[in-house]
Amino acid sequence: MLIPFSVRDTLLRASNEGLIQIYWSEEILKEVRRNLVLALGMSEEKAARLITTMQAAFPEAMVTGH
């Protein structure tokens, strides 16, 4: 779960510290982006920047061919 912010922040920090390994797919990131806009009222641009930042910070999290 990457929404709400507090959960996302905790999971990303734990991954950054090597406590857990996070994984996501393109589909999951699209869903997160959509929900940030629709459910939380975040602007499309801000949601896109957040997803881009997450992908850049955790390139190893992306899974394909699942």
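Where in the chain is the place of Ile3? Ile3 sits in the segment before α1. The legends below begin with the whole chain and then turn to single residues.

**Figure 1. Overall view of the predicted protein chain.** This is a predicted model, in which local features need pLDDT of at least 70 and side-chain atom pairs count only at pLDDT 80 or more, while totals for chains, interfaces and linings use all residues. Residues are numbered from 1 along each chain as its sequence is written, and side-chain values use heavy atoms, with hydrogens and water left out. The protein chain holds 3 helices and 0 strands, in the order α-α-α from the N terminus. Helices (H or I, at least four residues) and strands (E, at least two) are DSSP runs, numbered from the N terminus. The radius of gyration of the protein chain is 12 Å, which agrees with the value near 11 Å for a compact globule of 66 residues; the radius is taken over C-alpha atoms, and the globule rule is 2.2 Å times the number of residues to the power 0.38. Along the principal axes, the C-alpha atoms fill a box of roughly 30 × 30 × 20 Å.

**Figure 2. Surface and charges of the protein chain.** About 4,600 Å² of the protein chain is accessible surface, 57% of it belonging to carbon and sulfur atoms; areas come from the Shrake-Rupley method with a 1.4 Å probe, and for residues only the protein chains shown count as cover. Of the 66 residues, 29% are buried, where buried means under 20% relative accessible area, exposed over 50%, and partly exposed in between (1.4 Å probe, protein chains only). The mean positions of the 7 positive and 8 negative charges lie 6 Å apart. Lys and Arg count as positive and Asp and Glu as negative, without His and the chain ends; each charge is placed at NZ of Lys, CZ of Arg, CG of Asp or CD of Glu.

**Figure 3. Close-up of Ile3 and Asn35.** Not counting residues up to four places away in sequence, Ile3 touches Arg8, Val32, Asn35, Leu36 and Leu40, contact meaning heavy atoms within 4.5 Å. Asn35 belongs to helix α2 (residues 26–38) and, with the same sequence exclusion of up to four places, touches Ile3 and Leu40. Asn35 is partly exposed, at a relative accessible area of 25%. Its C-alpha atom is 10.0 Å from that of Pro4, 31 residues away along the chain.

**Figure 4. Close-up of Ser25 in the loop between α1 (5–16) and α2****.** With a relative accessible area of 5%, Ser25 is buried. A polar contact of 3.2 Å links the side chains of Ser25 and Glu27; such a contact is a pair of N or O atoms within 3.5 Å, where within protein one must be able to donate a hydrogen and the other to accept it, and residues adjacent in sequence count only if both atoms are side-chain atoms. Beyond four places in sequence, Ser25 touches Met62, Val63 and His66.

**Figure 5. Close-up of Ala61 in the segment after α3 (44–57)****.** Ala61 is buried, with 0% relative accessibility. Leaving aside residues up to four places away in sequence, Ala61 touches Gln21, Ile22, Tyr23 and Trp24. The C-alpha atoms of Ala61 and Tyr23 are 4.2 Å apart in space, and the two residues are 38 apart in sequence.
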